[in-house]
Amino acid sequence: MGALRDEMRPIGDMPAEGGAGKKKSSTPTLLIAQLKEMSESDSEIMGGKPFYCNLNVDLTWIFVPENTDRQMFYLACEVCRKKVLEDPTGRGYHCENCNRHFENANPTYNFSIKVSDCSGTIMLSVFGEIGETILGISAREFHKIHEDTAAVKDLTMNVLHVNALALVVRAKVD
């Protein structure tokens with residue numbers, strides 16, 4: 001069986017049903033145990049089809065890399081938002097997707113968290129704006145402090161168990 005990969009998306013990116021006025025979402029609210037059970041028993045999800053659901057959870061852990069080889073962000077292209085490579089001359093960044101050269105790159109969050117509810121725990125991947133919401137600072141601000149391990153650990157430890165999270169999760173079996 002493939003690994004279950006969960007990703008969070010901004011609520012505004014979710015398709016909504018209904019007409020004018022209040023939009024009604026068909027996205028179910030599940031417990032973590034229900035999501036795991038569904039992902040193991042539904043043939044469409046097992047086949048790789050993404051499944052969306054709401055989770056009401058507590059943030060229990062943010063995985064902070066111990067060394068500088070792995071970061072909680074990547075440097076992204078200003079145009080297509082794909083990962084860029086530092087120019088070998090040290091004068092900017094190159095995007096292989098756009099095949100263009102840029103002076104600057106946009107730090108973009110990409111890290112893992114562990115969340116829990118009354119039925120269990122699950123690992124989630126956090127991308128972009130969701131990371132900013134969870135950590136409370138922009139990826140650009142985080143990029144400035146990322147080499148200060150103590151500051152990063154203080155920042156992440158200060159957001160654990162503070163507020164309950166209402167997440168829209170995209171679950172997919174890889």
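# Briefing on a predicted protein model

Strand β6 (residues 93–95) pairs with β7 in the antiparallel sense, and 3 bridges join the two. This pairing belongs to a predicted model of a protein with 5 helices and 10 strands. The protein has 174 residues, and 37% of them count as buried. The points below treat the overall architecture, two sets of paired strands, helix α5, a nonpolar surface patch, the salt bridges and two residues with positive phi.

**Overall architecture**

- Among contacts in the protein with a separation of 6 or more, 64% are between residues 24 or more positions apart.
- The protein has an accessible surface of about 10,500 Å², and carbon and sulfur atoms account for 48% of that area.

**The β5-β6-β7 sheet**

- An open sheet is formed by 3 strands, in the order β5-β6-β7, with antiparallel pairing. The edges of this sheet are taken by β5 (85–86) and β7 (100–102); each has a single partner strand, so one side of each is left without a neighbour in the sheet.
- Within the pairing of β6 and β7, His-94 stands opposite His-101, a residue of β7.
- The loop between β6 and β7 contains Asn-99, a residue that is taken up again under backbone geometry.

**The β3 and β10 pairing**

- Strands β3 and β10 run antiparallel and are joined by 8 bridges.
- One of the facing positions is that of Phe-51, which stands opposite Ala-171 in β10.
- Strand β10 spans residues 164–173 and is mostly covered, with 7 of its 10 residues buried.

**Helix α5**

- In helix α5, which comprises residues 149–157, the buried residues are Val-152, Leu-155 and Thr-156. Viewed down the axis of α5, these buried residues fall within an arc of 95 degrees, and therefore they line one face of the helix.
- The packing partners of the buried residues of α5 are β3 (51–62), α3 (129–135) and α4 (139–145). Strand β3 thus appears in two settings: it packs against buried residues of α5, and it is paired with β10.
- Helix α5 also holds residues with other roles in this briefing: Met-157 is located in α5 and contributes to a nonpolar surface patch, whereas Lys-153, likewise in α5, forms a salt bridge with Glu-66.

**Nonpolar surface patch**

- Four side chains are involved here: Trp-61, Phe-63, Met-123 and Met-157 form a nonpolar patch on the surface, and their accessible area together is about 380 Å².
- Met-157 counts as partly exposed because its relative accessibility is 48%, which falls between the limits of 20% for buried and 50% for exposed.
- Met-123 is placed in strand β9 (residues 120–127). Its relative accessibility of 37% puts Met-123 among the partly exposed residues.
- Met-123 and Ile-113 are 10 residues apart along the chain, and 5.7 Å separates their C-alpha atoms.

**Salt bridges**

- Side chains of opposite charge can pair when their charged atoms come close. The structure contains 2 salt bridges.
- One of them joins the side chains of Lys-49 and Glu-44, with an N to O distance of 3.4 Å. Lys-49 is partly exposed at a relative accessible area of 47%, and Glu-44 is partly exposed with a relative accessible area of 47%.
- Glu-66 and Lys-153 also form a salt bridge, in which the closest N and O atoms are 3.3 Å apart. Glu-66 belongs to the loop between β3 and β4 (73–76) and Lys-153 to helix α5, so this pair ties together parts that lie 87 residues apart in sequence.
- Glu-66 counts as exposed at 63% relative accessibility, while Lys-153 is partly exposed with a relative accessible area of 31%.

**Backbone geometry**

- Most residues other than glycine have a negative phi. Asn-99 has a positive phi, near 55 degrees, and is not a glycine. With a relative accessibility of 58%, Asn-99 counts as exposed.
- His-161, which is not a glycine, has a positive phi of about 60 degrees. The position of His-161 is in the loop between α5 and β10, and at 48% relative accessibility this residue counts as partly exposed.

Technical notes. Residues numbered from 1 in each chain as written. Predicted model: local features only at pLDDT ≥ 70, side-chain atom pairs only at ≥ 80, totals over all residues. Heavy atoms only, no water. Buried < 20%, exposed > 50% of the residue type's maximum accessible area, 1.4 Å probe, protein only. Helix = DSSP H or I, 4+ residues; strand = E, 2+ residues; numbered from the N terminus. Arc of directions from axis to C-beta. Contact = heavy atoms within 4.5 Å. Areas by Shrake-Rupley, 256 points an atom, 1.4 Å probe, with all protein chains shown as cover. Patch = residues over 30% accessible without salt bridge, like charges linked within 9 Å, V, L, I, M, F, W, Y side chains within 5 Å. Pairing = 2+ DSSP bridges.
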